[in-house]
Amino acid sequence: MHGLDLTHTWVGYLNLIIFIVGYYFIAAEEKFHMNKAKPALLIGTLMFMLLGIYFTMNHLDPNPLHHEMERLILEIAEIFFFLFVAMTFIETLIERKVFDVLKYKLTSKGYSYKKLFWITGTLAFWISPVADNLTTALILSTVLYTIDKTKTQFLVPGAINIVVAANAGGAWSPFGDITTLMAWTAGKGEFVDFLYLFVPSFAGWFLTAWLLSFFVPKGEPHFDANLPKAELKPGAKVVIWLGAFTIFIAVMGHQFFHFPAMWGMMFGLALLKMYSYLHKRKNQHDHFDVYVNMKNVENDTLLFFFGILSAVGALHFMGYLEYIVKLYDHIGPTAGNIGVGFISAIVDNVPVMSAILKANPPMGIDQWLLVTMTAGIGGSLISFGSAAGVGVMGRMRGVYTFGAHMKYAWTVLAGYILSVILWYIQFEILGLY
C-alpha cells in the first residue's frame, strides 16, 4: 500500500459520492433506459482523473498512483480478454447453429418449462467447477434465450437459476471462481480442502432453484412440427471441441505454468482463427469468419467490467476497502466473513477478496473456507454482483436486468443463509477442522 489515507480528503469524499451516484444509475438501468456500461465507464475513468488532479495540486509523488493504475490495468486485461475470447467462441457457436440444434432437441422432446429450468440449472452447477462460472453462465444463458426469447416468466427465473448455480458450483472448486482461485493460490487451503464447500454450495443453490421453480410457468415452449430439423453447419463440432480444449488449456496453464487464465484463452482464440482459415479453404460456400463473429460480441459488457473494476480500484487506492477488513476487529471473523458475502454483491468480489488476503487476519482454515464461499456465492444476491451475473445481463439484455433480479432476490438470500448454516454445522458443530 502507498501509505496514504485519502478517505478524509476532498477527493476521497467526491469520489465516494461519484461512485454512489454512478452505482445508482447502474442499478436503475431500466428506469433511465441507459446502458449500465455508460455510467460505469464514466465513474471508473473520472475517479482516477480526479486522483491525478489531487496528486498534482498537492505536489505528491505520482509513482504510487501510476503503480496502482498499472496493477489495475493488468487485472482488468486478464478479465477483459478472458471474456472477449469466451464471447467470441459463443458467437461462433451461435453462427454454426449449435444452439439452434440444442434448442431443437430440447423443445422437440416436449420438455416443459420447469424441466428446462432444472436441466439448465443443473448443467450450470456441474460445468462451472471445471470450466468457470462466467463461461458456464454465458453458454447456458444463450441456450435458455434461444429456447424462448419472449416468455420473461420463464427467462428471468431461469437466468437467476443459472447465475446462482454457476457461482455455487464455482465456489467449491479452485478452477470455478476467481475468488476461490485467489484463496487457493494464496495457500489458505489445499485443493481437497475446498471440496468441503460442496455440500453448503449445492444445498444453497438447490433451495434457491426450488423456490424459483414455483414461478416458472406451466406448459412447454411452442414447437412447430413442420419446421425443418436444425442441423449443425460444417465445422461446428470442431469449434465445440476447440472451445473445450481452450478452457482446458486455460486451467492447466494456470495450474502448471502459473499463467493468467486469459493467456490460455488467447491461445485457444489463435487456434480458432487458424481453424477458420483452414475451414475456408475446404468450404468456400459455407465457412465462417471469426472477425465477423467478433462484431457481435457485447462490447458494453466488456466496457462495464472496465468501468466498475476501475471505480472499485480507485476506492481501494484511497483506502475505503480497508474498512471492510476492520469488520473483523469489531464483529469477529464469522460475522465478518458472512458480511463479506453481502459486500461482494455490491462491490466486485475480486478487490474485496484481495483486500482480505492482503490484510491477512488471523483465521483458521474453516474461516478461510467460509469467506471463500461467501465471497463467491454472495455476488448472486444482486444481478451484477458477479462476473456470471454481468455476463448474463449482457447476453439477455433487456430481459435479465437489475430490477428483474431483485424481484426474486429473496430466493437467493434464502439459499445463501442455508449455505452459511450448513458451513456452521460442518465446521463449528461437527468440527471438521
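# A tour of the predicted model

Begin by selecting Lys229, which is found in the loop between α10 and α11; keep in mind throughout that the model on screen is a predicted one. With a relative accessibility of 54%, Lys229 counts as exposed, because the exposed class begins over 50%. Add Tyr104 to the selection and draw a line between the two C-alpha atoms: Lys229 and Tyr104 are 7.2 Å apart in space, although their positions lie 125 residues apart in sequence.

**Two loops with positive phi**

Move next to the loop between α3 (37–57) and α4, where you will find His59. The phi of His59 is near 55°, a positive value in a residue other than glycine, and this histidine counts as exposed, with a relative accessibility of 74%. Then select Lys97, which is found in the loop between α4 and α5 (98–108). Lys97 also has a positive phi, of about 70°, although it is not a glycine, and its relative accessible area of 32% makes Lys97 partly exposed.

**Helix pairs**

Now show α4 (residues 63–95) together with α11 (residues 236–257), whose axes come within 10 Å and cross at roughly 165°. Since angles over 145 degrees count as roughly antiparallel, α4 and α11 fall into that class. Seen as a crossing, the passage of α4 by α11 is left-handed.

Keep α11 on screen and add α12 (residues 261–282): here the axes come within 7 Å and cross at roughly 155°. Helices α11 and α12 are therefore roughly antiparallel to each other, and their crossing is right-handed.

For another pair, select α16 (residues 327–346) and α21 (residues 409–429), which pack at an angle of about 155° with their axes 12 Å apart. That angle makes α16 roughly antiparallel to α21, and α16 passes α21 in a right-handed crossing.

**Aromatic side chains**

Turn now to the aromatic rings, of which the model holds 35 pairs when ring centres within 6.5 Å are counted. Select Phe125 and Phe202, whose ring centres are 5.4 Å apart and whose planes stand at 75°, so the pair is edge-to-face. This pair links distant parts of the chain, for Phe125 belongs to helix α6 (residues 113–127) and Phe202 to helix α10 (residues 198–213), 77 residues apart. Is each of these two phenylalanines buried or exposed, or partly so? Phe125 is buried, with a relative accessible area of 0%, whereas Phe202 is partly exposed, at 28%.

Then select Trp126 and Trp172, an aromatic pair that is edge-to-face, with 6.4 Å from centre to centre and 80° between the planes. Trp126 lies in helix α6 and Trp172 in the loop between α8 (152–171) and α9 (178–185), so the pair ties together parts of the chain that are 46 residues apart in sequence. Trp126 is partly exposed, with a relative accessible area of 44%, while Trp172, at 13% relative accessibility, counts as buried.

With these four residues still displayed, extend the selection to Phe117, Trp118, Phe198, Trp205 and Phe206, which complete one aromatic cluster together with Phe125, Trp126, Trp172 and Phe202.

**Lysines over rings**

Elsewhere, two lysines can be viewed against the rings that they cover. Select Lys273 and Tyr291: Lys273 lies over the face of Tyr291, at 3.4 Å from the ring centre. Then select Lys36 and Phe304, where Lys36 lies over the face of the phenylalanine ring, at 5.8 Å from the ring centre.

**Two covered helices**

Finish with two helices, beginning with α18 (residues 365–378). At 1.5 Å a residue, the 14 residues of α18 should span 20 Å, and the C-alpha atoms at the ends of this helix are 19 Å apart, which agrees. Of the 14 residues of α18, 13 are buried, so the helix is largely enclosed by the rest of the structure.

The last stop is α19 (residues 387–395), which is mostly covered, eight of its nine residues being buried. To see them, select Ala388, Gly389, Val390, Gly391, Val392, Met393, Gly394 and Arg395, which are the buried residues of α19.

Definitions and conventions: Residues numbered from 1 in each chain as written. Heavy atoms only, no water. Phe/Tyr/Trp six-rings, centres within 6.5 Å; stacked < 30°, edge-to-face > 60°. Helix = DSSP H or I, 4+ residues; strand = E, 2+ residues; numbered from the N terminus. Buried < 20%, exposed > 50% of the residue type's maximum accessible area, 1.4 Å probe, protein only. Lys NZ or Arg CZ within 6 Å of the ring centre and 35° of its normal. Expected span 1.5 Å × (residues − 1). Axes fitted to C-alpha atoms, helices over the stretch in contact; angles between N-to-C directions. Parallel < 35°, antiparallel > 145°, perpendicular 65-115°, else oblique. Left-handed = near helix turned anticlockwise from the far one by under 90°.
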